[in-house]
Amino acid sequence: FVVPIISLYLLWHRKDILPASAPSSYFMGGLCFLVAALIRGAAIVLQYPLMEGASLIPCLAGVAFMVGGWPYLRWSWPSIVFLAFAIPLPGALATRMAGPLQRIATTGSTYTLQTLGISAASSGNVILLSNGQVGIAEACNGLRMLIAFLAIAFAITVLLRIPIWERAFLMASGVVVAITCNIIRISATGVVYDRISPELADRVFHDFAGFIMMPI
């Protein structure tokens, strides 16, 4: 829900490159509107609601062209692209990404718990502990955290005036940070489960650890 707010802030942040006036590009604007209409029409015909949200991107690009042509698109494109982070991933893509992320989370958390001196072994997407087990459900694969960190990394690349290679490095680091934080969250839950109380880990700490991952 904060994506549109951040998008507006990115617009304001780049106001110094906004020209006082620029010629409109009605042809490109109309072309973008046509693409948006086709995407929205396909979403209705195919009954695929996520595509309706995606149609907003070319539509806003069309508005930029209509108002001030290429100079206005050059000013607004980061904010327009950033809105894509408000659109959920297609189910098929999310499912394909969920499996590998679950496995990475399970393996990484098991290794971390072993390093901390806790008896742990992985079986599928389950971490076996001495007094129970911690299941890495699909909701715990870290995909939502990954999207959130990619959004943060993209916003930072827009706000900081740095070379392209550093921008690419920041975007790539969003993936590493998200996976690492998810492993920390699961490992911390495993420590609470093994050393303190399984009930505390299930009812309280599991969700609490998820909340504190963003500031970490």
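This report covers a three-stranded sheet, the helix across it and the aromatic contacts of a predicted model.

Residues are numbered from 1 along each chain as its sequence is written. Local features need pLDDT of at least 70, side-chain atom pairs count only at pLDDT 80 or more, totals for chains, interfaces and linings use all residues, and side-chain values use heavy atoms, with hydrogens and water left out.

**Sheet.** The open sheet has the order β1-β2-β3, with antiparallel pairing. Strands are DSSP E runs of at least two residues, helices H or I runs of at least four, numbered from the N terminus. Pairing requires at least two DSSP bridges. β1 and β3 (132-135) are edge strands with a single partner each, so one side of each lacks a neighbour in the sheet. Neighbouring strands are turned by 25 degrees on average, direction ignored. Axes are lines fitted to C-alpha atoms, for helices over the stretch in contact; angles run from 0 to 180 degrees between N-to-C directions.

| Pair | Bridges | Sense |
|---|---|---|
| β1 (120-123) and β2 (126-129) | four bridges | antiparallel |
| β2 and β3 | four bridges | antiparallel |

A120 stands opposite L129 in β2. L128 faces Q133 in β3. The β1-β2 hairpin has two residues between its strands, and G124 in the turn has a positive phi of about 65 degrees. Helix α5 (91-115) lies across β1 and β2, at about 165 degrees to β1. Contact means heavy atoms within 4.5 Å.

**Aromatics.** F82 and F154 have ring centres 6.1 Å apart and planes at 25 degrees, so they are stacked. Rings of Phe, Tyr and Trp (its six-membered ring) pair with centres within 6.5 Å; planes under 30 degrees apart are stacked, over 60 edge-to-face, the rest tilted. F82 is in α4 and F154 in α6, so the pair ties parts 72 residues apart in sequence.
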